[in-house]
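Work through the exercises below with the sequence and the coordinates at hand. Each task is followed by a solution in steps.

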Amino acid sequence: MLGIQGCDLSIVIVSYNTLGMTRECLASIERNRGDLVAQIIVVDNNSQDGSVAMIKAEFPHVELIENKENKGFAAANNQAFFRCRGQFVLLLNSDTIILDEVLQASVEYLECHPRVGAMGCQVLNTDRSVQFTCSGFPTLARLLAMTLALDRIGKFTWLDRYLMRWWRRDDEREVEVISGCYLMIRKEVLENVGLLDESFFFFGEETDWCRRMREAGWQLVFAPVGRIIHHGGGSVKKLNFKRDVMLTAATVRLHRKYGSLAAEVTAYAILMGFNLSRAALWSIVACGSYRGKERSDHFLKVVASWRDCWPTGRIS
């Protein structure tokens, strides 16, 4: 049995070298949790920036799990789940800021909708623009539409069922995938569906989890009951090709888990085609633009890491 009842909400935060943002995140929870009885658990994946000392000194009420190595996002969250006492459990990124009464409103929403197993709220970039959180499952057809830029054709919204850029994230609707930066579930979903799949080290784990929830009969809903800020998804974030390598490998792994060998190979080919085409296009733009060269170099580095874009290890 995963934990016991004892509070309204258990908030799980995985920390890895994000001292300043972790401090800001925890402070925002304190300011905006209202009357909720909340348990806060931080799992630190061997940060080297003083995060652990900061949490102990400034937030002594936080339950801290100190890992001696970076166990990844899925494994770290799973460690915390066994300690969760709340009726509901929130996965919250360390680079987020809780705004207004979103925690209370999210709990009340789940209390009023018993068939909803998980929900997400509106997520804003640092500049307060809306992030494209909550999405469709990355099927082969959707990946191909993205590669061919068919999902950018505004009047054909049915071609953009993956990121759904046309959707303003301002109305309630069922979704296939909820972003792990703010993913609130009811405790019984853990009992019913199980833990996150630890064969996903980083990226893909919440997509897999959401699919398993839907297959178990739970509804997944985006509900605009409140907002958070998520710094990590901002449009001005620093390019990091390793992030895209991990994302590619995770997406291919999803097709290995839920499809055939042919689906796995096809997903890999489509995504490498995406990176190759973007490298070529940005190389042309680079002739007269520094930004073009920067992005061209980014995609070329992803392509050069083609071995790492193929998932290795056990599939749970």
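The exercises concern strand pairing, burial, nonpolar cores, ring pairs and two single residues in a predicted model.

**Exercise 1. Strand pairing**

Task: Determine how strand 2 (38-44) is joined to strand 1 (7-15) and to strand 3 (63-66), and give the handedness of each crossover.

Solution.
- Step 1. Start with strand 1 and strand 2: they run parallel and are joined by 7 bridges. In this pairing Leu9 stands opposite Ala38 of strand 2.
- Step 2. Follow the chain between these two strands. It passes through helix 1 (residues 19-32), and the resulting β-α-β crossover is right-handed.
- Step 3. Turn to strand 2 and strand 3, which are also parallel, with 4 bridges between them. Val42 has Leu64 of strand 3 as its bridge partner. The chain goes from strand 2 to strand 3 by way of helix 2 (residues 51-58), again in a right-handed β-α-β crossover.
- Step 4. Add one further bridge between strand 2 and strand 3: Ile41 has Glu63 as its partner.

**Exercise 2. Burial of strand 2**

Task: Sort the residues of strand 2 by the direction in which they point, and decide whether they are buried or exposed.

Solution.
- Step 1. Recall the general pattern: side chains of a regular strand alternate between the two faces of the sheet.
- Step 2. Apply the sorting. Ala38, Ile40, Val42 and Asp44 point one way, while Gln39, Ile41 and Val43 point the other way.
- Step 3. Check accessibility on both sides: all of these residues are buried. Because 7 of the 7 residues of strand 2 are buried, the strand is largely enclosed by the rest of the structure.

**Exercise 3. Covering of helix 3**

Task: For helix 3 (residues 73-81), state how many residues are buried and what covers them.

Solution.
- Step 1. Count: 8 of the 9 residues are buried, and the helix is mostly covered.
- Step 2. List the buried residues: Phe73, Ala74, Ala75, Ala76, Asn77, Asn78, Ala80 and Phe81.
- Step 3. Identify the cover. It includes strand 1, strand 2, strand 3 and strand 4 (86-93), together with helix 6 (187-193) and helix 7 (205-215).

**Exercise 4. Nonpolar cores**

Task: Find which residues have the most contacts inside the largest nonpolar core.

Solution.
- Step 1. The largest core holds 36 residues, and those with the most contacts inside it are Ile11, Ile29, Leu103 and Tyr182.
- Step 2. Helix 4 (residues 102-112) gives the most to this core, namely 5 residues.
- Step 3. Apart from this core lies another one of 31 residues, among them Ile65, Ala80, Val89 and Leu190.
- Step 4. Examine Ile29. Leaving out residues up to four places away in sequence, Ile29 touches Ile11, Ile13, Ile40, Leu92, Ile98 and Leu103.

**Exercise 5. Ring pairs and charges over rings**

Task: Classify the pair Phe81 and Trp209 and the pair Phe274 and Phe299, then look for charges over rings.

Solution.
- Step 1. The model has 8 aromatic pairs. The ring planes of Phe81 and Trp209 are at 15°, under the 30 degrees limit, and the centres are 5.6 Å apart, so this pair is stacked.
- Step 2. Phe81 lies in helix 3 and Trp209 in helix 7, 128 residues apart. Both Phe81 and Trp209 are buried.
- Step 3. Phe274 and Phe299 are 6.2 Å apart centre to centre with 75° between the planes, an edge-to-face pair. This pair links helix 9 (residues 261-285) with helix 10 (residues 290-304). Phe274 and Phe299 are both buried.
- Step 4. Ring pairs also join Phe73, Phe202 and Phe203 into a cluster.
- Step 5. For charges, the charged end of Arg115 sits over the ring of Trp218, 4.7 Å from its centre. The charged end of Arg211 sits over the ring of Tyr258, 4.2 Å from its centre.

**Exercise 6. Two single residues**

Task: Assign burial classes to Thr248 and His231, and list their contacts beyond four places in sequence.

Solution.
- Step 1. Thr248 lies in helix 8 (residues 241-258). Its relative accessibility is 6%, under the 20% limit, so Thr248 is buried.
- Step 2. Thr248 touches Leu271, Asn275 and Cys309.
- Step 3. His231 is in the loop between strand 9 (219-230) and helix 8. Its relative accessible area is 21%, so His231 is partly exposed.
- Step 4. His231 touches Met21, Glu24, Asp95, Ile97 and Thr126.
- Step 5. For the distance to Glu172, the C-alpha atoms of His231 and Glu172 are 23 Å apart, with a sequence separation of 59 residues.

Conventions. Residues are numbered from 1 along each chain as its sequence is written. This is a predicted model: local features need pLDDT of at least 70, side-chain atom pairs count only at pLDDT 80 or more; totals for chains, interfaces and linings use all residues. Side-chain values use heavy atoms; hydrogens and water are left out. A nonpolar core is a set of buried Ala, Val, Leu, Ile, Met, Phe, Trp, Tyr and Cys residues joined through side-chain atoms within 4.5 Å. Buried means under 20% relative accessible area, exposed over 50%, partly exposed in between (1.4 Å probe, protein chains only). Contact means heavy atoms within 4.5 Å. Rings of Phe, Tyr and Trp (its six-membered ring) pair if their centres lie within 6.5 Å; planes under 30 degrees apart count as stacked, over 60 as edge-to-face and the rest as tilted. A charge sits over a ring if NZ of Lys or CZ of Arg is within 6 Å of the ring centre and within 35 degrees of the ring normal. Two strands pair if DSSP finds at least two bridges between them. A crossover is right-handed if, with the strands pointing away from the viewer, the path from the first strand over the helix to the second runs clockwise.
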